[in-house]
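User: I would like to go through this model by question and answer. Please keep each answer short and end on the value or name asked for.

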Amino acid sequence: SRLAAWALASTYHRPGIACKNPSYARMETEGDKIVITCSDAGEGLVVKGAAVKELFIAGEDRVFRPATVRIEGNKLVVSAAGVKNPVAVRYQFDNAGIGNVFGKDGLPLAPFRTDDWFIVVD
């Protein structure tokens, strides 16, 4: 059905058909928070469940901590206790993570990371 939606929207130019996942567009730091703006979020983002899962924030120490998230339209306002000067966010970044942020049209937010840090695997 996603392929059919893609064809109807892109090939046949049918308006109002969601066929792209919301995805990371940019990040801005605001004090002890990072604001993530998402593209292709249509009428905004929603969380399925009590709290956002699989979203982490790190400071200059590069230690990722589980984040507290507030959704404002197509933006995620991300923070965590113990992260005073945040510099990076990761969502659904590990192989086992299942995210729970969706566009209001039902398509899931694509996994993303805002850092380009080298990853060491033990």
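**Strand 8 and the nonpolar core**

Analyst: In this predicted model, five of the six residues of strand 8 (residues 86–91) are buried, so the strand is largely enclosed by the rest of the structure.

User: Which residue is the bridge partner of Ile57 in strand 8?

Analyst: Strand 4 (residues 55–59) and strand 8 run antiparallel and are joined by five bridges. Within strand 8, Ile57 is bridged to Val89.

User: Which residue in strand 10 is the bridge partner of Tyr91?

Analyst: Strand 10 (residues 112–113) pairs with strand 8 over two bridges, in the antiparallel sense. The strand 10 partner of Tyr91 is Phe112.

User: Which strand gives the most residues to the largest nonpolar core?

Analyst: This core has 18 residues, and those touching the most other members are Ile36, Leu55, Ile57, Leu76, Val78 and Val89. Two or more residues come from each of strand 2 (33–39), strand 4, strand 7 (75–79) and strand 8. With three residues, the top contributor is strand 2.

User: Is Thr37 buried or exposed, and what is its relative accessible area?

Analyst: Thr37 lies in strand 2. Leaving aside neighbours within four places in sequence, its contacts are Ser23, Tyr24, Ala25, Arg26, Glu28, Asn74 and Lys75. Buried means under 20% relative accessible area, so Thr37 is buried, with a value of 5%.

User: Which residue of strand 8 does Ile36 touch?

Analyst: Not counting residues up to four places away in sequence, Ile36 touches residues including Leu76, Val78, Phe112 and Val89. Strand 8 covers residues 86–91, and the residue asked for is Val89.

Methods. Residues are numbered from 1 along each chain as its sequence is written. This is a predicted model: local features need pLDDT of at least 70, side-chain atom pairs count only at pLDDT 80 or more; totals for chains, interfaces and linings use all residues. Side-chain values use heavy atoms; hydrogens and water are left out. Buried means under 20% relative accessible area, exposed over 50%, partly exposed in between (1.4 Å probe, protein chains only). Helices (H or I, at least four residues) and strands (E, at least two) are DSSP runs, numbered from the N terminus. Two strands pair if DSSP finds at least two bridges between them. A nonpolar core is a set of buried Ala, Val, Leu, Ile, Met, Phe, Trp, Tyr and Cys residues joined through side-chain atoms within 4.5 Å. Contact means heavy atoms within 4.5 Å.
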